[in-house]
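Reader: Hi! I'd like to walk through this structure with you. Could you bring it up so we can look together?

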Amino acid sequence: MTSLDLPVPEADRARRPPAAGLPEPPNVTSRRQRLRTVRRRATGLLVAVTLGFVALQVWGGDADWIGYVEATIEAAMVGALADWFAVTALFRHPLGIPIPHTAIIPTRKDQFGETLGDFVQSSFLTPDAIVERVRTARVTPRLAGWLAEPDNADRLARHLADASVTVADLLRDDEVHRALEDAARRRIETTPLAPVAGRTLRLLTEGGRHQEVLDVMLRGLDRFLGENEASLRERFADESPWWLPGAVEDRIFERLLDGARQLLHQVATDPEHELRRDVDTRVRRLVDDLQNSPEMLARGEELKAELLSQPELRQWIATVWRDIKAGLRAQADDPDSELRRRLAQTIASLGERLRDDPALAARAEQAIETGVRYVADQFSDEIGGIVTTTVARWDGNETADRLELLLGPDLQFIRINGTVVGGLAGLVIHAVGQAL
């Protein structure tokens with residue numbers, strides 16, 4: 001059995017397991033000390049009026065003023081005891097006696113949680129209330145100003161880069177490989193290879209671009225012949241008949257080499273050379289065949305099937321994904337990387353546009369309000385349920401102890417006020433009785 005104040009012993013509090021999910025209140029030591037101090041004052045006042053009552057009973061006389069004092073003290077005792085019982089009954093059984101409708105918080109904690117959840121859901125989480133709060137908070141202008149600051153843009157870019165690395169690491173490589181391979185296969189299988197190649201070649205040949213490519217090839221071949229004359233001479237000598245004299249071999253090789261280089265030079269310098277016209281004709285024919293010839297279409301599908309059947313396709317995709325992850329990680333770790341600079345510039349540019357473009361800001365504000373309203377409509381039950389389930393996980397006694405730390409000092413002042421008000425009421429009642 002505990003005293004009237006029913007303080008929880010420190011040893012018992014230390015042995016009690018912590019409540020599940022119950023947050024530690026701030027300044028717990030100072031709060032506990034303040035509760036202890038105010039409780040002692042209230043109890044001291046009750047003890048004082050009780051001692052005064054005993055003293056009057058032992059040493060009191062028959063004077064008229066003794067009756068007034070006695071009525072005041074008796075009423076003060078009743079008020080103090082009534083308020084002590086009311087305050088104590090909130091947190092525990094008074095004097096340890098399981099009186100019905102006492103220890104209200106520990107025994108009805110779950111009901112309080114349900115009521116609190118319903119109250120939060122119906123009064124605070126309504127779509128109109130949340131949208132109005134978002135509107136008055138001026139989210140878009142404040143967000144625009146924050147994003148437009150270079151330091152904030154750099155900080156957000158760093159976080160986004162780190163988040164992208166985290167997401168890439170969370171993905172399983174084999175699943176990514178399979179997804180990329182499936183996407184590539186579907187894209188390739190549904191795309192006819194020959195017509196695509198024909199359209200690509202037609203774009204490359206428009207405006208005579210293929211002639212420019214031919215010029216590059218001719219100059220490259222001429223340079224190759226000039227730089228490798230010695231090795232080509234040796235190869236020609238090895239392939240010549242054994243009975244052919246060396247001087248004749250040299251003469252034939254020089255004539256062949258000079259003729260080839262002269263032909264390359266003529267083709268390179270004459271836009272109307274017949275070889276150029278022949279190349280142009282063959283390229284146009286190839287473009288037409290790729291787009292219209294059934295044989296070319298079938299051959300393209302065969303080549304596509306051969307490509308898709310190669311095991312190197314998955315290996316290539318795995319290599320590409322590995323390189324992407326490595327490059328992403330390197331870019332995210334480097335403050336001066338192109339990725340982070342581009343992200344920061346994009347974020348700052350978005351902030352400036354939101355700040356300077358009223359139409360864009362209005363659309364962003366409407367999108368935010370629509371999103372908030374949707375979340376409030378769809379998830380208000382879940383948010384209210386969080387309150388209910390969180391309170392339900394708390395230990396009842398520990399919850400009562402924490403609430404007493406938060407509310408106890410004010411409730412102890414109720415005890416003091418009850419003592420004073422009770423005494424004054426007793427005095428007034430006695431005075432009115434004597435006057436009547």
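Author: Happy to. Leu 95 is a good place to begin: that residue sits in the loop between helix H3 (64-91) and helix H4 (104-107). Keep in mind that this is a predicted model.

Reader: OK, what about the phi of Leu 95?

Author: Leu 95 is not a glycine, yet its phi is positive, about 55°. Most residues other than glycine have a negative phi.

Reader: And is Leu 95 buried or exposed?

Author: In between: its relative accessible area is 27%, so Leu 95 is partly exposed.

Reader: Which residue in the loop between H3 and H4 could I look at next?

Author: Try His 101, which lies in that loop between H3 and H4. Its phi is positive too, near 65°, and His 101 is not a glycine either. With a relative accessible area of 74%, His 101 is exposed.

Reader: Nice. Switching to aromatics, how many aromatic pairs are there?

Author: The count comes to one aromatic pair. The partners are Trp 84 and Phe 85, whose ring centres are 6.4 Å apart; the planes make an angle of 65°, so the pair is edge-to-face.

Reader: Why edge-to-face?

Author: Because planes over 60 degrees apart count as edge-to-face, and the planes of Trp 84 and Phe 85 are at 65°.

Reader: How accessible is Trp 84, and what about Phe 85?

Author: Trp 84 has 6% relative accessibility and counts as buried, whereas Phe 85 has 33% and counts as partly exposed.

Reader: Salt bridges now. How many does a search of the whole structure find?

Author: Eleven salt bridges turn up in the whole structure. In general, side chains of opposite charge can pair when their charged atoms come close.

Reader: Can you show me one that lies in a helix?

Author: Sure, take Glu 132 and Arg 135, where the closest N and O atoms are 2.9 Å apart. Both are in helix H6 (residues 127-136), and being three residues apart there, they are separated by about one helical turn.

Reader: How accessible are Glu 132 and Arg 135?

Author: Glu 132 is partly exposed, with a relative accessible area of 40%. Arg 135 also counts as partly exposed, at 39% relative accessibility.

Reader: Which residues are linked with Glu 132 and Arg 135 in a network?

Author: Glu 369 is linked with them in a network of salt bridges.

Reader: What other salt bridges should I look at?

Author: Arg 172 and Glu 175 meet through their side chains in a salt bridge, with 3.6 Å from N to O. Glu 175 counts as partly exposed at 38% relative accessibility. Then there is the salt bridge between Arg 261 and Asp 222, at 2.9 Å from N to O. Arg 261 lies in helix H13 (residues 246-269) and Asp 222 in helix H11 (residues 209-227), so this pair ties together parts that are 39 residues apart in sequence.

Reader: And how accessible are Arg 261 and Asp 222?

Author: Arg 261 has 32% relative accessibility and counts as partly exposed. Asp 222 is partly exposed as well, with a relative accessible area of 24%.

Reader: Let's go to the surface. Which residues form a nonpolar patch?

Author: Tyr 68, Val 420, Leu 424 and Leu 427 do, with about 320 Å² of accessible area together.

Reader: Which helix gives the most to that nonpolar patch?

Author: H19 does, with three residues. Leu 424 is found in helix H19, and so is Ala 425, in a helix that covers residues 396-435. Ala 425 is partly exposed, with a relative accessible area of 35%.

Reader: What about charge: which residues gather in a patch of negative charge?

Author: Asp 162, Asp 333, Asp 334 and Asp 336 gather on the surface in that patch. Asp 333 is found in helix H16 (residues 312-333) and counts as exposed, at 55% relative accessibility.

Reader: Last topic, distances. How far are the C-alpha atoms of Ser 30 and Leu 405 separated?

Author: By 9.6 Å, although Ser 30 and Leu 405 are 375 residues apart along the chain. Ser 30 lies in helix H2 (residues 28-59) and counts as partly exposed, at 45% relative accessibility.

Reader: And the C-alpha atoms of Ala 425 and Pro 94, how far are they separated?

Author: Those are separated by 25 Å, with Ala 425 and Pro 94 being 331 residues apart along the chain.

Methods: Residues numbered from 1 in each chain as written. Predicted model: local features only at pLDDT ≥ 70, side-chain atom pairs only at ≥ 80, totals over all residues. Heavy atoms only, no water. Phe/Tyr/Trp six-rings, centres within 6.5 Å; stacked < 30°, edge-to-face > 60°. Buried < 20%, exposed > 50% of the residue type's maximum accessible area, 1.4 Å probe, protein only. Patch = residues over 30% accessible without salt bridge, like charges linked within 9 Å, V, L, I, M, F, W, Y side chains within 5 Å. Areas by Shrake-Rupley, 256 points an atom, 1.4 Å probe, with all protein chains shown as cover. Salt bridge = Lys/Arg side-chain N within 4 Å of Asp/Glu carboxyl O. Lys, Arg positive; Asp, Glu negative; His and termini not counted. Charge placed at Lys NZ, Arg CZ, Asp CG, Glu CD. Helix = DSSP H or I, 4+ residues; strand = E, 2+ residues; numbered from the N terminus.
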